[in-house]
Amino acid sequence: MTTTETTPILDEATIAELRREDQAHLLHSQHYAPDHEQALIFDHGEGVWLTDVSGKRYIDGLSSLWNVAVGHGRGELADAAAEQMRKVAFANGYNGFSNEPAIRLASKVIDLCYDNMGALFFTNSGGESNEGAFKMARFYWNLQGREGKNKLISRPRAYHGSTLATSSMTGLPPFWKYFGPLVPNISHTEQPSNPESTDEPNTDGETAEWLEEAILREGPDTVAAFIAEPVKGAGGIFTPSDDYFPHIREICDKYEVLLIADEVITGFGRTGKMFALEHWGVQPDIVSIAKAITSAYVPMGAFIVSEPIADAMKNLPADAKFMHGYTNSAHPTAAAVGLRNLQIFEDENLVENAAAMGARLGDGVRAAFEGHPHVTNVRNLGLMCGLSLVQDAENGTPFAEPGTGAKVMAHMRDEGHVIPRIINDELLMAPPLVINADEVDFMIHAAREAVKAVTGA
Ligand SMILES: Cc1ncc(COP(=O)(O)O)c(C=O)c1O
């Protein structure tokens, strides 16, 4: 079937009825009713392709929510889930119980992650991973007799989840509106009062010095941890300069602040390395993961801790039980799917493919928009690529009226058969790791045509 052929799966009347029911009964993530009036309802997928109920096909340009790493339609993962479900519905992981898939997946992930990692705790989502990572940091400092070290520093434009604490860590003000007061003892880095810097800035202008100033402002003895995505994702795909994370590591060591890498998007190959801080030879103290661990076939996440923290957890004093847990932590079905999913990564060299196809995507987007009057700040690492749509690319002036990004998105989807993500006027692409060269070129072409149709250039 070509990309443009359309064989309806449901008739128009049924689709309209589904949309009415959706409006009536389903509150969505980031709910805003008008967004769903013409909801695109998906039916099935294969590889990087998704098909909606009207039969139209699209490239899943953001891997759904950055998570369908091995692509859609993987019978192996359905089989792994079914086989495990037939064995046992569930296995309690509390107080002296365990299960084989979870034990094996924990070992596998520790093996794949940074050399200094020692143990992990399974969650069901990225938000739970970050929430747990923060609690872990506080717990660890309490064990050291440093209970004053209880604050967390995060960054502007960070996205860390939607629990109350992770919304507070998130550095995007729309996520705070109407939910206040936010959780105390969580703050964000800011432009330093003395902006003189010898550091190369990140693609969103931040340098590691922002963190040093924040730690000094809060008081080093009060700061438990700093959390950062190696590449800011939902805030707009902003990549770091090469010296950013090495300098961050030095600052964290200097002030005894734990470095939490939120690798919920970047973990498992997204950037062309298994874990993203490998690009800069940096090892964090805690790593949050979710999404690609199961390629989203079932929900799962984890926070992974370094050897010193793992050792502390193995030698807890009698009165210091880690009273944190989820019913579905280490769920055997999720773990079985995770193991099979990571086997696919190995069998199909998906990390190497992400590096090669990511370079093709980045180079192709840069070439397509070379000298373009309305496109600036193209940034990419592996299969994450973002660009800014602006009024004037020469000086970066934004469009006065909102809506350019939304129009580009609509054109890419309706005419170009590609579904990217738009955040205001930032265009984001992060397709599944199984993408091939023709499909990468198809995405670039769709983006170029959409920008031309909307801006006239
Ligand atoms: C970097 C990052 N951290 C955390 C989260 C939250 O994950 P979840 O939606 O699974 O709670 C996300 C979700 O997109 C994310 O991108």
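Is Asn 116 buried or exposed? With 16% relative accessibility, Asn 116 counts as buried. The legends below take up this residue and several other spots, and everything shown comes from a predicted model.

**View 1. Asn 116 in its loop, beside Pro 284.**
Look for Asn 116 in the loop that runs between α4 (100-112) and β4 (117-123). From there, its side chain reaches the backbone oxygen of Pro 284, at 2.9 Å. Setting aside residues up to four places away in sequence, Asn 116 touches Gln 283, Pro 284, Ser 306 and Glu 307. So this is a buried loop residue: its relative accessibility is 16%, and buried means under 20%.

**View 2. Where domain 1 meets domain 2.**
Time to step back to the two parts of the chain. Domain 1 takes in 12-70 + 350-455, while domain 2 covers 77-347. Their centres, taken over C-alpha atoms, sit 27 Å apart. At the place where they meet, 30 residues of domain 1 are in contact with 30 residues of domain 2. About 2300 Å² is buried between the two, and carbon and sulfur atoms give 69% of that area. On the domain 1 side, Trp 66, Leu 381 and Met 384 lose the most area to domain 2, together making up 29% of what that side buries.

**View 3. Polar contacts and building blocks at the domain interface.**
What about charges and polar groups here? Between domain 1 and domain 2 there are 0 salt bridges, but 11 residue pairs are in polar contact across the interface. Several elements each supply at least two residues to the side of domain 1 that touches domain 2, including the helices α2 (63-66) and α11 (350-368). The strands β11 (375-381), β12 (384-389), β14 (421-423) and β15 (426-429) do so too. Sorted by type, the residues on this side of domain 1 come to 20 nonpolar, 7 polar and 3 charged.

**View 4. Trp 210 in helix α7.**
Trp 210 is part of helix α7, which spans residues 209-218. Its relative accessibility is 11%, so Trp 210 counts as buried. Leaving out neighbours within four places in sequence, Trp 210 is in contact with Pro 156, Thr 189, Glu 190, Gln 191, Pro 192 and Gly 205. Ser 197 is 13 residues from Trp 210 in sequence, and their C-alpha atoms are 9.9 Å apart in space.

**View 5. The buried residues of α7 and what covers them.**
Trp 210 has company: Leu 211, Glu 212, Ala 214 and Ile 215 of α7 are buried as well. Which elements cover the buried residues of α7? The cover includes β5 (151-154), β7 (223-228) and α8 (244-254). Just after the helix comes Gly 219, with a positive phi near 100°.

**View 6. A salt bridge linking two loops, Asp 204 with Lys 232.**
Side chains of opposite charge can pair when their charged atoms come close. The whole structure has 17 salt bridges. In one, Asp 204 pairs with Lys 232, and the closest N and O atoms are 2.5 Å apart. Asp 204 lies in the loop between β6 (186-188) and α7, and Lys 232 in the loop between β7 and α8, so the pair ties together parts that are 28 residues apart in sequence. Asp 204 counts as buried at 18% relative accessibility, and Lys 232 counts as buried at 2%.

**View 7. A salt bridge within helix α11, Asp 363 with Arg 366.**
Here the side chains of Asp 363 and Arg 366 meet in a salt bridge, with 3.7 Å from N to O. The two are 3 residues apart in helix α11, so about one helical turn separates them. Asp 363 counts as partly exposed, at 47% relative accessibility. Arg 366 is partly exposed too, at 36%.

**View 8. A salt bridge between two strands, Arg 379 with Glu 426.**
The closest N and O atoms of Arg 379 and Glu 426 are 2.8 Å apart in this salt bridge. Because Arg 379 lies in strand β11 and Glu 426 in strand β15, the pair ties together parts that are 47 residues apart in sequence. Both of these residues, Arg 379 and Glu 426, are buried. Elsewhere, Arg 74, Glu 76 and Glu 348 are joined into one network by salt bridges that share partners.

Conventions. Residues are numbered from 1 along each chain as its sequence is written. This is a predicted model: local features need pLDDT of at least 70, side-chain atom pairs count only at pLDDT 80 or more; totals for chains, interfaces and linings use all residues. Side-chain values use heavy atoms; hydrogens and water are left out. Domain bounds come from an automatic or database domain assignment. Contact means heavy atoms within 4.5 Å. Buried area is the accessible area (1.4 Å probe) that two parts lose on being put together, summed over both. A salt bridge is a side-chain nitrogen of Lys or Arg within 4 Å of a carboxyl oxygen of Asp or Glu. A polar contact is a pair of N or O atoms within 3.5 Å; within protein, one must be able to donate a hydrogen and the other to accept it, and residues adjacent in sequence count only if both atoms are side-chain atoms. Helices (H or I, at least four residues) and strands (E, at least two) are DSSP runs, numbered from the N terminus. Ala, Val, Leu, Ile, Met, Phe, Trp, Tyr, Cys and Pro count as nonpolar, Asp, Glu, Lys and Arg as charged, and the others, Gly among them, as polar. Buried means under 20% relative accessible area, exposed over 50%, partly exposed in between (1.4 Å probe, protein chains only).
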